[in-house]
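User: I am new to this structure. Please walk me through it in short questions and answers.

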Amino acid sequence: MAAVRDKTVVVTGAGGGIGAALARRFAAEGARVVVNDLDEAKAQRTADGIGAIAVAGDASAVVPAAREALGGGIDIFCANAGVGTGGGPDAPEEDWALAWDVNVMAHVRAARELVPEWLARGSGRFISTVSAAGLLTMVAAAPYSVTKHGAYAFAEWLSLTYRHRGIDVHAICPQGVRTDMLAATGTAGDLVLTPTAVEPEDVAEALFAAMAEGRFLVLPHPEVADYYTARAAEPDRWLGGMNHLQQKLEQAEGRS
């Protein structure tokens with residue numbers, strides 16, 4: 001697509017899963033891609049497969065290194081790296097801190113680096129891989145749910161603040177996607193996410209459709225829009241339904 005061809009793109013967390021699918025799709029559309037991942041071997045493997053550039057390291061600090069690797073500015077940034085931290089208030093402090101740092105602050109730090117450049121030239125695109133949990137919530141995963149709400153809120157803020165100045169923002173909010181992260185969700189994932197899980201390539205396809213249509217919200221599972229509407233219109237009924245899921249989870253885990 002014309003909006004992507006010859007553009008410079010950075011995808012964080014692209015050693016596998018959704019990130020790798022996004023990197024592959026951008027490369028196939030003619031973009032120059034930087035593949036970022038904490039795991040250097042995974043980043044290099046993805047990059048080698050699509051003729052991209054691997055830049056390993058923390059997603060929070062990748063922008064300067066990516067600029068150097070590309071020899072110039074960044075047109076599109078995919079804040080895709082994330083952690084699926086489970087538990088509730090009892091989750092260790094370091095788990096909460098990690099979820100906040102990766103799922104929210106990495107996006108903030110990238111935008112801090114990129115927005116001045118984009119405002120100066122009047123264009124740029126920020127793509128945030130959030131989750132349906134950012135619109136709804138996820139049982140058994142308070143740190144994940146809370147920080148994904150934060151990621152969604154930050155993407156909204158970027159869009160409402162800068163869209164008239166040439167910055168496009170998209171928030172990708174899938175339910176289950178067949179990745180290593182889904183496999184690690186255990187019984188909760190099996191109950192809530194696995195039955196309707198899609199492939200990472202489906203997420204990339206949904207993003208490109210949204211970019212072509214100029215839409216902020218990217219829903220690889222269209223039914224999430226109905227859940228989101230119900231949550232806003234009848235919160236107590238929606239919470240009751242989610243509590244029913246919680247009870248089913250407890251039964252499945254032998255806790256009731």
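Analyst: What follows is a set of questions and answers on a predicted model.

User: Let us begin with β1. Which of its residues point one way, and which the other way?

Analyst: In a regular strand, side chains alternate between the two faces of the sheet. β1 covers 8–11. Val 9 and Val 11 point one way, and all four of the side chains named here are buried. Pointing the other way are Thr 8 and Val 10.

User: Over how many bridges does β1 pair with strand β2?

Analyst: Strand β2 spans residues 32–37, and the pairing is in the parallel sense. One bridge joins Thr 8 to Arg 32 in β2. The pairing runs over four bridges.

User: Which helix does the chain cross through from β1 to β2?

Analyst: The path makes a β-α-β crossover, and this crossover is right-handed. The helix on the way spans residues 17–28. That is α1.

User: What is the bridge partner of Val 10 in β4?

Analyst: β1 also pairs with β4 in the parallel sense, over three bridges. Within that pairing, the partner of Val 10 is Phe 77.

User: Now to strand β6. How many of its six residues are buried?

Analyst: β6 spans residues 167–172. It is largely enclosed by the rest of the structure, because the number of buried residues is five of the six.

User: Which residue in β6 stands opposite Thr 129?

Analyst: Strand β5, residues 124–129, pairs with β6 in the parallel sense over six bridges. β5, helix α5 and β6 also make a right-handed β-α-β unit. Opposite Thr 129 in β6 stands Ile 172.

User: Which residue in β7 does Ala 171 stand opposite?

Analyst: β6 also runs parallel to strand β7, residues 217–218, and two bridges join them. In β7, the residue opposite Ala 171 is Leu 217.

User: What separates the C-alpha atoms of Ala 151 and Ala 171?

Analyst: Ala 151 is in helix α5. A relative accessible area of 1% means that Ala 151 is buried. Its contacts beyond four places in sequence include Asn 103, His 107 and Ser 128. Ala 151 and Ala 171 are 20 residues apart along the chain, yet their C-alpha atoms are separated by 8.7 Å.

User: Which element gives the largest share of the largest nonpolar core?

Analyst: This core has 48 residues, and those with the most contacts inside it are Val 10, Phe 77, Phe 126, Met 138 and Leu 158. The elements that give two or more residues include α3, β4, α5, β6 and α10. The largest share is eight residues, and the element that gives them is α4.

User: Which residues are included in the second, separate core?

Analyst: This core has 29 residues. Ile 172, already met opposite Thr 129, is one of those included. The others named are Ile 18, Ala 210 and Met 211.

User: Which residues does Met 138 contact, leaving aside neighbours within four places in sequence?

Analyst: Met 138 is among the residues with the most contacts inside the largest core. Counting beyond the near neighbours in sequence, its contacts are Ala 133, Tyr 144, Ser 145, Ala 188, Gly 189, Val 192 and Leu 193.

User: Next, the rings. What is the angle between the planes of Trp 157 and Tyr 162?

Analyst: A pair of aromatic rings is described by the distance of the centres and the angle of the planes. The count of aromatic pairs comes to four. One of them is Trp 157 with Tyr 162, edge-to-face at 5.8 Å centre to centre, with planes at 85°.

User: Is Trp 157 or Tyr 162 buried?

Analyst: Buried means under 20% relative accessible area. Trp 157 has 41%, so it counts as partly exposed. At 15%, the buried residue is Tyr 162.

User: Which ring does Arg 231 lie over?

Analyst: Two arginines lie over ring faces here. Arg 25 lies over Phe 208, at 4.4 Å from the ring centre. Arg 231 is at 5.5 Å from its ring centre, and that ring belongs to Trp 238.

User: Last, the backbone. What is phi of Ser 131 near?

Analyst: Ser 131 is in the loop between β5 and α5. With a relative accessible area of 7%, it is buried. Phi is positive in this residue other than glycine, near 155°.

User: Is Asp 6 buried or exposed?

Analyst: Asp 6 lies in the segment before β1. Its phi is also positive, near 70°. Its relative accessibility is 61%, so Asp 6 counts as exposed.

Definitions and conventions. Residues are numbered from 1 along each chain as its sequence is written. This is a predicted model: local features need pLDDT of at least 70, side-chain atom pairs count only at pLDDT 80 or more; totals for chains, interfaces and linings use all residues. Side-chain values use heavy atoms; hydrogens and water are left out. Rings of Phe, Tyr and Trp (its six-membered ring) pair if their centres lie within 6.5 Å; planes under 30 degrees apart count as stacked, over 60 as edge-to-face and the rest as tilted. Buried means under 20% relative accessible area, exposed over 50%, partly exposed in between (1.4 Å probe, protein chains only). A charge sits over a ring if NZ of Lys or CZ of Arg is within 6 Å of the ring centre and within 35 degrees of the ring normal. Two strands pair if DSSP finds at least two bridges between them. A crossover is right-handed if, with the strands pointing away from the viewer, the path from the first strand over the helix to the second runs clockwise. A nonpolar core is a set of buried Ala, Val, Leu, Ile, Met, Phe, Trp, Tyr and Cys residues joined through side-chain atoms within 4.5 Å. Contact means heavy atoms within 4.5 Å.
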